[in-house]
Each structure stands twice: as C-alpha cells, then as structure tokens.
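I open this notebook to record what I looked up in the structure, one topic per entry. The sequence and the coordinates come before the entries.

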Amino acid sequence: MAHGLFRVLETGDPALAADVVHEDFHNREAAVAPRACARPGPAGVLASGAWMRSAFSDLRFPVLGTALDDDEIWVRLRMQGRHIGAFVRFTDGALDQAIPPTGRNIDFEQIHVLGLRDGKVVRHEAVRDDIAMLGQLGVFPPAPPTALRMVAWRVTGRAARAATAVTAEADEAAALFQRGQSLAGPRG
C-alpha cells in the first residue's frame with residue numbers, strides 16, 4: 001500500500017489510486033497545496049500528484065524502509081526529481097510562494113505516517129526536510145539570482161499565473177477521477 005500511494009503521486013494512475021487509497025482518505029499535509037489536494041479519497045491524492053509533477057519532472061519516491069504497527073505504516077523515503085516548473089506553495093488556498101523553475105535536481109529524505117483502514121491508506125502526515133529541498137533549489141539561504149527571480153515573478157504577476165495554472169491542474173486531476181468513478185458506478 002505504501003509503495004502504491006507514492007507510485008500514484010509519481011504517475012497519476014487513477015486505477016492504482018482507487019486500489020490503495022480509501023474513500024475517506026485525509027491528507028494533513030495538504031495545507032500548503034492547492035485546495036483540490038485536500039479533497040477526501042483518491043481524488044485528493046491525484047490532485048497532490050498533479051501539483052508535484054507540475055513542478056518536478058522525473059518525480060520519484062524511492063522507499064528506504066517501512067515499519068508496520070497495527071493500523072499504521074511508517075515510510076522513510078527520498079523525494080527526487082528535477083525542478084522544471086514553478087513550485088507553488090499555498091496558505092489557505094491562496095498563493096504563498098512561487099519558486100520559478102531552476103532546473104536543479106532535488107533529493108532529500110522524508111518520513112510519512114500512513115493510517116490504514118479496510119486494507120487501504122486512509123490518512124497521511126509527513127515529516128519532511130523542506131529546508132534541504134529549499135537549499136537544493138537555491139531558496140534557503142537565498143541565492144541572489146533565485147531571490148531576484150522570485151521577486152520578479154511576484155511583481156510581474158507570473159507567480160499568480162503559476163498559482164492559477166497549478167490549481168487548475170490539481171482541480172482537473174481530482175475532477176477526472178471523480179467523473180470516472182461516477183461513470184464506473186459503485187465499486188464492489
């Protein structure tokens with residue numbers, strides 16, 4: 001299940017999402033993502049994957065280890081990819097920060113806690129080394145060229161346009177899943 005959840009984020013596979021994500025799934029980490037990422041169930045996971053893949057090509061989550069404890073799986077992994085699109089972070093659904101594409105690679109550790117119910121993932125929370133990722137992107141500590149690009153993006157409206165575009169991508173990924181589910185009918 002853990003490998004499947006991260007494979008959904010890498011690929012956007014709706015059939016796999018339906019197989020591994022519970023309909024009551026809740027992602028505590030969606031607070032910094034487009035609103036569609038907070039939708040319950042597979043739709044929210046697919047939206048989260050679309051959001052991340054819009055910023056990072058070759059997105060991968062190689063699992064380093066897992067531990068199972070009754071109704072929870074703890075997953076230690078790496079997030080890897082190449083920063084090819086704006087990485088947009090949100091606060092309460094509004095643009096907080098847009099990091100213009102840098103072309104840089106990211107590779108940093110994360111720990112995820114996944115709640116389980118009925119053989120599927122029902123809850124997600126994470127401890128990520130976001131400072132390492134921001135350092136790899138040149139944002140923290142701020143590299144002058146990256147800081148200037150971020151300011152220019154904000155002033156020219158490119159940051160807002162990037163936020164609108166990634167929000168639309170996340171909304172579409174969630175909506176496509178929900179439409180597909182209604183066409184397929186109830187799963188048995």
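**Entry 1: the polar contacts of His112.** I began with a side-chain pair: His112 and Gln110 are joined by a polar contact of 2.6 Å between their side chains. I note at once that the model is a predicted one. I then looked for a further partner of His112, and found a polar contact of 2.7 Å between its side chain and that of His124. By location, His112 belongs to strand 7, which spans residues 105-117.

Is His112 buried or exposed? I read a relative accessibility of 4% for His112, and because buried means under 20%, His112 counts as buried. I listed its surroundings with the neighbours within four places in sequence left aside: His112 is in contact with Phe6, Ile73, Trp74, Val75, Leu77, His124, Glu125 and Ala126.

**Entry 2: His124, the partner.** I next moved to His124, which lies in strand 8, residues 120-128. His124 has a relative accessibility of 9% and therefore counts as buried. Which side chain, besides that of His112, makes a polar contact with the side chain of His124? I found Asn27, at 2.7 Å.

Without the neighbours within four places in sequence, the contacts of His124 are Phe25, His26, Asn27, Arg28, Glu29, His112, Val113 and Leu114. I also checked His124 against His22: the two are 102 residues apart in sequence, and their C-alpha atoms are 11 Å apart in space.

**Entry 3: Glu72.** I looked up a charged residue in strand 4 (residues 72-83), namely Glu72. I recorded a relative accessible area of 19% for Glu72, so this residue is buried, the limit being under 20%. The side chain of Glu72 makes a polar contact of 2.8 Å with the side chain of Arg123. Not counting residues up to four places away in sequence, I found that Glu72 touches Ala67, Val113, Leu114, Gly115, Leu116 and Arg123.

**Entry 4: helix 1 and its packing on helix 3.** I turned to helix 1 (residues 2-11) and helix 3 (residues 41-55), which pack with their axes 7 Å apart and at an angle of about 50°. The two helices are therefore oblique to each other. I noted the crossing of helix 1 and helix 3 as right-handed. On the side of helix 1, the contact is made by Leu5, Val8, Leu9, Glu10 and Thr11; on the side of helix 3, by Val45, Leu46, Ser48, Gly49, Met52 and Arg53. I sorted these contact residues by character and obtained 6 nonpolar, 3 polar and 2 charged.

How many of the 10 residues of helix 1 are buried? I counted 7, and helix 1 is thus recorded as mostly covered. The buried residues of helix 1 are Ala2, Gly4, Leu5, Phe6, Val8, Leu9 and Glu10. Among them, Phe6 is also one of the contacts of His112. Just after helix 1, I found Gly12 with a positive phi of about 75°.

**Entry 5: Val63.** I placed Val63 in strand 3, residues 63-69. At 25% relative accessibility, Val63 counts as partly exposed. With the neighbours within four places in sequence left aside, Val63 is in contact with His3, Val75, Arg76 and Leu77. Val75 and Leu77 also appear among the contacts of His112. I compared Val63 with Pro145 as well: they are 82 residues apart in sequence and 33 Å apart in space, C-alpha to C-alpha.

**Entry 6: backbone exceptions.** I kept a general rule in view here: most residues other than glycine have a negative phi, and most peptide bonds are trans. I found Asp58 with a positive phi, near 50°. Asp58 is in strand 2, residues 56-60, and with 55% relative accessibility it counts as exposed.

I then looked up Asp92, whose phi is also positive, at about 50°. Asp92 sits in the loop between strand 5 (87-91) and strand 6 (94-99). Its relative accessibility is 63%, so Asp92 counts as exposed.

Where is the cis peptide bond that I recorded, with omega of about -10°? This bond joins Phe140 and Pro141. I located Pro141 in the loop between helix 4 (130-136) and helix 5 (144-156).

Technical notes:
Residues are numbered from 1 along each chain as its sequence is written. This is a predicted model: local features need pLDDT of at least 70, side-chain atom pairs count only at pLDDT 80 or more; totals for chains, interfaces and linings use all residues. Side-chain values use heavy atoms; hydrogens and water are left out. Axes are lines fitted to C-alpha atoms, for helices over the stretch in contact, and angles run from 0 to 180 degrees between N-to-C directions. Helices (H or I, at least four residues) and strands (E, at least two) are DSSP runs, numbered from the N terminus. Angles under 35 degrees count as roughly parallel, over 145 as roughly antiparallel, 65 to 115 as roughly perpendicular and the rest as oblique. A crossing is left-handed if the near helix is turned anticlockwise from the far one by less than a right angle, and right-handed if clockwise. Contact means heavy atoms within 4.5 Å. Buried means under 20% relative accessible area, exposed over 50%, partly exposed in between (1.4 Å probe, protein chains only). A polar contact is a pair of N or O atoms within 3.5 Å; within protein, one must be able to donate a hydrogen and the other to accept it, and residues adjacent in sequence count only if both atoms are side-chain atoms.
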